[in-house]
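This report takes the overall build first, then the contacts between domains and between chains. Please keep the structure in view while reading.

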Amino acid sequence: MLANTKKLFIEVGSFQQNKFGNSVCGDSVLMHKSIEENRTIAVVSDGLGSGVKANVLSTMTASMALNFRIRREPIVRTAKIIMDTLPIDSVRNISYATFTIIDIESDGNAKFVEYDNPQLLMIRDGSIHELKKEEFRISRDETQKDSNDRMIMLSDIDLQKEDRLICFSDGVTQSGIGNMEMPFGWGSGVNDFIVETLKEDPYISARELSRKIVKQSEFNDIFKPKDDTSCVVLYVREPRKLLICTGPPFKEDNDKYLAEIVKNYKGKKIVCGGTTSKIVSRELNLEIEVDLKDVVSSIPPVSRMKGIDLVTEGIITLGSLSEILERELPYNIDQKGADWDIYRMILDADVIDIVAGTKINIAHQDPTLPVELEIRRNVVKKLAQLLEKQYMKSVNLKFI
Amino acid sequence: MLNVRICVGTYCYITGSSDLIKLKDRLPEEIKDKVSFIGSACLGCDESEENPNPPYAKVGDVLIKQCNEEKLLDEIYSQLGIER
């Protein structure tokens with residue numbers, strides 16, 4: 001069940017901040033991870049202007065770019081179709097949204113297409129690695145009013161472990177414009193900032209780094225961003241593994257097997273469920289201590305077991321976790337409770353192995369219970385789906 | 001010290017132990033220093049009986065079924081030998 005880890009693993013993290021006072025972001029960030037192909041695609045698009053109009057332009061651009069790439073349409077054709085499709089702005093008389101496409105194949109070969117976004121950065125060995133770029137001219141239809149040709153930049157490289165790709169909208173490079181310190185905006189200052197940040201924390205996750213960059217741009221504008229700001233980071237790394245065990249095995253003979261999995265797993269471990277933790281405790285001879293100090297009202301308290309990173313109650317906690325996962329980022333992730341503890345561990349993991357026991361606790365099906373308890377198998381399936389589709393984790397699900 | 005174990009497994013939790021564990025913060029003065037509240041991942045309700053009676057709690061070695069605050073305090077007082 002434990003996935004092949006020899007493949008390159010790519011962690012994708014992104015963060016966005018709206019222009020001050022806007023409730024809609026004019027930038028779009030779309031990502032796609034195909035599990036079968038082990039292929040990762042990310043698109044960043046910045047629509048002309050800001051607000052709803054920009055959002056529509058960038059969403060159209062990003063989703064076209066993403067879907068064309070998934071189907072491996074030729075890049076030039078993709079770019080041309082996008083440029084010809086966008087509606088023309090009535091004020092400025094042009095149709096416009098920038099885009100950057102990052103397409104990484106399973107063997108680590110990455111292709112980039114850039115159109116008018118700030119330069120895509122590639123970080124190797126802690127410093128910026130210059131990409132060899134090829135300009136390509138896309139001619140316009142003659143029917144269009146604005147008949148200027150447009151240039152796209154093409155490049156490609158074979159990625160190695162610990163490489164990072166960083167892409168942002170001009171909200172980042174233009175942040176701080178007009179300030180004493182940076183009259184022309186942050187510009188290439190962001191490059192130094194990234195190198196500095198990596199020096200301090202060489203293994204910073206993609207999620208954290210993208211957040212830091214956007215937060216710093218917000219700071220440059222003294223917390224009133226003048227433009228929509230987005231950043232995507234892709235980080236090639238050794239996958240961080242997480243094991244979630246929940247539920248007693250269908251056959252009691254498998255109790256030992258479950259305990260062995262927990263014992264021998266290399267990575268973080270979570271055990272969810274009273275009976276499950278009792279089985280693990282019995283088989284591995286570990287004591288369970290329940291911590292009653294920090295009790296959050298709706299979720300049963302966490303326990304401690306030596307060698308296990310987190311021990312929680314089962315179905316209530318997992319149910320609440322799936323509710324958290326269903327909501328959209330970003331919001332305050334530093335909340336208390338067993339469900340939030342699991343959530344944070346999930347965000348930091350790349351490969352998630354879920355071992356679910358399918359024995360049904362008949363007592364839970366009592367219709368007079370004050371709370372409705374889902375069947376574990378269903379909850380776990382839903383979790384696995386959410387983690388794959390929305391959080392781009394590779395999930396291995398095993399029922400025992 | 002008298003050990004009081006409260007089960008915080010799913011079944012017990014939703015049938016009342018979520019309130020029982022809060023009892024530790026408002027114990028009467030005379031027994032406050034004589035008991036220690038401990039949680040338990042499961043006291044075995046799901047396998048030991050045909051018809052389980054949650055929530056379960058254990059005072060010393062005595063298992064209490066369908067435990068509520070009254071029953072729990074009664075047992076604690078009687079084991080400590082203090083008049084309630």
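The model is predicted. Of the 400 residues of chain A, 42% count as buried. Chain A holds 10 helices and 18 strands. Its C-alpha trace spans about 75 × 45 × 40 Å along the principal axes. A compact globule of 400 residues would have a radius of gyration near 21 Å, and the 24 Å of chain A agrees with that. Among contacts in chain A with a separation of 6 or more, 68% join residues 24 or more positions apart.

**Two domains in chain A**

The domain assignment splits chain A into domain 1 (9-237) and domain 2 (241-399). Their centres, taken over C-alpha atoms, are 36 Å apart. In chain A, 9 residues of domain 1 are in contact with 7 residues of domain 2. On the domain 1 side, β1 (9-17) and β2 (27-34) of chain A each supply at least two residues. The largest share, 4 residues, comes from β1(A).

**Chain B against chain A**

Chain B puts 16 residues in contact with 22 residues of chain A. On the chain B side, α1 (10-20) and β2 (35-40) of chain B are the elements that give two or more residues.

**Residue classes of two contact sides**

| Side | Nonpolar | Polar | Charged |
|---|---|---|---|
| Domain 1 of chain A, touching domain 2 of chain A | 5 residues | 1 residue | 3 residues |
| Chain B, touching chain A | 10 residues | 4 residues | 2 residues |

Terms used
Residues numbered from 1 in each chain as written. Chains lettered and ligands numbered in written order. Predicted model: local features only at pLDDT ≥ 70, side-chain atom pairs only at ≥ 80, totals over all residues. Domains from an automatic or database assignment. Contact = placed C-beta atoms within 7 Å. Nonpolar A, V, L, I, M, F, W, Y, C, P; charged D, E, K, R; others polar. Rg over C-alpha atoms; globule rule 2.2 N^0.38 Å. Buried ≥ 20, exposed ≤ 12 C-beta atoms within 10 Å, placed from the backbone.
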